[in-house]
Amino acid sequence: MQFPDDDNGQMLAAMADAGIDLTQSIEVDFFLVFDDQRDAESALEALSQTDMQGELELNFDEESTKWEVIVCLQMVPEYAALVAKETELNSFAQEFDGISDGWGVMQNQASDSEFTDDEHVHSEHCHH
C-alpha cells in the first residue's frame, strides 16, 4: 500500500505494518490541546452540543501541562477522511484558543480476537 509522504501517511504506514486492517472501521482518537482549562472545558461543551457521533474526554497532561480534549470517532482510517477531520477539528479548537495535536489509534481494537496490552500508535507530532 502506498501512503503520502507526510505525518499522516507515515502514521497509516505504521498502522499497516502493525497489522491494523485499514479497510475496517476503527476508533480513531483526535487530540485537541489547550493551555487553559476553561478553554478546554468550553470546547468540550461545544463539541457535546454538536451532532458528531463519538466519545469525548477531557484530560490534563502533566508532562506538557496542557489540557487535552480527546475526540474518539469510529471511522475507516482513510487518508483523505483523516486529514479532513483533523483540519475540521483544528479550526474548531482555534475558536477556543487551542490546536489539533494529531490523532492516534489503539493497536488492539474491540474487533480484535485477542487483547494484550493496549499500545497507542500516534503520529510523530503527537505529544502523548
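Over which residues does pLDDT stay under 50?

## Confidence first

The answer is residues 109-128, and over that stretch the model has 47 contacts beyond four places in sequence. Keep in mind that you're looking at a predicted model. Taking the protein as a whole, the average pLDDT is 86, and 83% of the residues score at least 70.

## The overall layout

Let's walk along the chain. The protein has three helices and five strands. Starting at the N terminus, you meet them in the order α-β-α-β-β-α-β-β.

There are 128 residues here, and 38% of them count as buried. Now take the contacts between residues at least 6 apart in sequence: 62% of these join residues at least 24 apart.

Asp7 gives you a handy example of two residues from distant parts of the sequence. Asp7 sits in helix H1, which covers residues 7-17. Count along the chain and Gly102 is 95 residues away from Asp7, yet their C-alpha atoms are 9.0 Å apart in space. As for accessibility, Asp7 has a relative accessible area of 29%, so it is classed as partly exposed.

## Phe30, a buried residue in S1

Next, find Phe30 in strand S1. Is Phe30 buried or exposed? Its relative accessibility is 1%, and because buried means under 20%, Phe30 counts as buried.

What does Phe30 touch, once you skip the neighbours within four places in sequence? Its contacts include Val69, Ile70, Val71, Leu73 and Met75. Leu82, Lys85, Glu86 and Leu89 are also among them, and so are Gly102 and Trp103. You can also compare Phe30 with Val105: the two are 75 residues apart in sequence, with 8.9 Å from C-alpha to C-alpha.

## Leu44, a partly exposed residue in H2

Leu44 belongs to helix H2, residues 37-48. With a relative accessible area of 22%, Leu44 is partly exposed, because that class lies between the 20% and 50% limits.

Setting aside residues up to four places away in sequence, Leu44 is in contact with Leu56, Glu57, Leu58 and Val69. Leu32 is twelve residues from Leu44 along the chain, and 9.7 Å separates their C-alpha atoms.

## The largest pocket

Now for the largest pocket, which has a volume of about 160 Å³. Its lining is made up of Glu27, Asp29, Glu55, Leu56, Glu57, Asn59, Ile70, Cys72 and Met106. Strands S1 (26-34), S2 (55-61) and S3 (66-75) are the elements that each give two or more residues to this lining.

Which element gives the most to the lining? That's S2, with four residues. If you sort the lining residues by character, you get four nonpolar, one polar and four charged.

## Two aromatic pairs

How do you describe two aromatic rings that sit together? You use the distance of the centres and the angle of the planes. In this model, the count comes to two aromatic pairs. One is Phe60 with Trp67: their ring centres are 4.9 Å apart and their planes meet at 55°, so this pair is tilted. Why tilted? Because planes under 30 degrees apart count as stacked and those over 60 as edge-to-face, with the rest called tilted.

The other pair is Phe92 with Phe96, where the centres are 5.0 Å apart and the planes are at 45°, so this pair is tilted too. What about burial? Phe60 is partly exposed, with a relative accessible area of 40%, while Trp67 counts as buried at 17% relative accessibility. Phe92 and Phe96 are both buried.

## Positive phi in two loops

Finish with a look at the backbone. Thr65, in the loop between S2 and S3, has a phi near 55°, which is a positive value in a residue other than glycine. Thr65 is exposed, with a relative accessible area of 51%.

Asp97 also isn't glycine and has a positive phi, near 60°. You'll find Asp97 in the loop between helix H3 (79-94) and strand S4 (98-106). Is Asp97 buried or exposed? At 59% relative accessibility, Asp97 counts as exposed.

Terms used: Residues are numbered from 1 along each chain as its sequence is written. This is a predicted model: local features need pLDDT of at least 70, side-chain atom pairs count only at pLDDT 80 or more; totals for chains, interfaces and linings use all residues. Side-chain values use heavy atoms; hydrogens and water are left out. On a 1 Å grid over the protein atoms alone, a cavity is a set of points where a 1.4 Å probe fits but cannot get out, and a pocket is an open set with protein on both sides within 12 Å along at least five of seven lines; lining residues have an atom within 4 Å of a point. Grid points are joined across faces, edges and corners, and a volume is the space filled by probe spheres set on the points. Ala, Val, Leu, Ile, Met, Phe, Trp, Tyr, Cys and Pro count as nonpolar, Asp, Glu, Lys and Arg as charged, and the others, Gly among them, as polar. pLDDT is the predictor's confidence in each residue, from 0 to 100. Contact means heavy atoms within 4.5 Å. Rings of Phe, Tyr and Trp (its six-membered ring) pair if their centres lie within 6.5 Å; planes under 30 degrees apart count as stacked, over 60 as edge-to-face and the rest as tilted. Buried means under 20% relative accessible area, exposed over 50%, partly exposed in between (1.4 Å probe, protein chains only).
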